[in-house]
Amino acid sequence: MSKIAIIGAGQVGSTLAFLVLEKELGDVVLVDCVEGLAEGKALDIMQAGALAGLENGVAGYDDYSRLKNSDIVVVTAGQARKPGMSRLDLLRKNSEIVSSVVKEIARFAPEAVILVVTNPLDVMTYLAYKMSGFEPNRVLGQAGVLDSARLKYFLARECGVAPREISTMILGGHGDSMVPIISQTTVSGKPLIEVLSEEAIEMVVEKTRSGGAEIVSFLKTGSAYYAPATATLTMLDAIVKDSNALLPASACLSGEYGLEDIYVGVPVRLGKGGVKEIVEIDLTDKEREALHKSASIYRESLRVCEKIR
Ligand code: APR
């Protein structure tokens with residue numbers, strides 16, 4: 001039975017704990033710095049599980065020593081984006097939180113895989129890699145699965161088909177510079193470029209780019225969590241079941257796609273131990289250029305982050 005720790009019992013963390021229980025992926029330990037929060041959420045989730053006859057455990061603590069023997073630690077601790085909050089403010093706050101959390105992971109769960117969800121994603125994942133001292137394949141971030149799901153949803157709506165008929169992938173950084181791989185996107189098996197006009201594709205991509213911000217503007221406080229938690233569950237499922245699923249993830253590059261010593265969204269094979277392989281798919285020149293541009297934007301945030309540290 002896998003032991004999955006989730007740090008941060010807020011919207012994303014607690015929703016993920018519930019999904020893990022429902023999917024019977026493993027036992028969950030939920031940890032939050034706010035006293036009683038993780039414990040209360042865990043009790044509520046366990047009581048829902050009792051109705052459904054689910055037997056795995058979800059336990060909540062405000063104590064990092066409970067991370068001991070975790071196979072995977074998911075980091076959702078941090079502040080969610082609030083309207084009016086600058087990216088730099090978010091970067092500063094979440095850098096402090098992620099640094100302190102990762103020190104505890106390295107102390108109590110030195111063999112674990114770290115899956116980062118806290119934004120700004122690629123920078124926080126790189127920070128987790130540096131602070132943990134873990135091998136790069138054991139530290140990865142969740143963004144591309146969520147972004148691809150958003151694109152799939154908007155494309156399905158535009159094309160009038162079920163989302164399952166869309167095959168697509170978003171690479172690059174999680175944010176405005178995300179790189180949708182339109183050249184490989186299909187609708188019911190047909191290339192997207194034969195189904196929608198260039199303008200329609202651009203409109204859908206723009207909607208996807210601002211997909212997270214649109215939800216923030218509706219909610220007023222807090223940000224999306226059902227789709228982020230479900231995307232994280234998809235990655236956990238591949239790791240726990242050692243499925244080798246090909247999924248986009250923020251992973252450490254060492255020469256792949258012509259990029260080095262950075263975390264950015266690329267297709268990976270996921271299984272036990274984290275990233276098993278970074279897969280280099282065919283990109284058009286335009287897509288490759290956009291991936292490099294996205295990486296350079298991310299390097300800039302990283303410099304800011306290093307200054308804060
Ligand atoms: N240790 C443990 N928990 C912490 C710490 C810490 N040092 N600092 C903050 N937390 C907890 C908060 O107490 C809160 O319960 O992290 C939780 C964050 O929950 P929410 O504010 O509800 O945020 P959420 O919507 O879950 O988003 C979390 O995921 O998708 C990203 O952008 C999102 O970065 C954000 C993260």
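Which domains does the domain assignment of the protein chain give? There are two entries: domain 1 (2-141) and domain 2 (144-304), with bounds that come from an automatic or database domain assignment.

Before going on, keep in mind that this is a predicted model, where local features need pLDDT of at least 70, side-chain atom pairs count only at pLDDT 80 or more, and totals for chains, interfaces and linings use all residues. Residues are numbered from 1 along each chain as its sequence is written, and side-chain values use heavy atoms, with hydrogens and water left out.

Back to the domains: the C-alpha centres of domain 1 and domain 2 lie 22 Å apart. Their contact (heavy atoms within 4.5 Å) takes 36 residues from domain 1 and 40 residues from domain 2. About 3200 Å² is buried between domain 1 and domain 2, and carbon and sulfur atoms give 70% of that; buried area here is the accessible area (1.4 Å probe) that two parts lose on being put together, summed over both.

Now for the ligand. It has 21 residues around it, and Q11, V12, D32, Y64 and N119 come nearest (a residue is near if one of its heavy atoms lies within 4 Å). Here are some distances from an oxygen atom of the ligand:

| Residue | Partner atom | Distance |
|---|---|---|
| Q11 | polar backbone atom | 2.9 Å |
| V12 | polar backbone atom | 2.8 Å |
| N119 | N or O atom in the side chain | 2.9 Å |

The protein covers 85% of the 730 Å² of accessible area that the ligand has on its own, going by the Shrake-Rupley method with a 1.4 Å probe.

How values were computed: A polar contact is a pair of N or O atoms within 3.5 Å; within protein, one must be able to donate a hydrogen and the other to accept it, and residues adjacent in sequence count only if both atoms are side-chain atoms.
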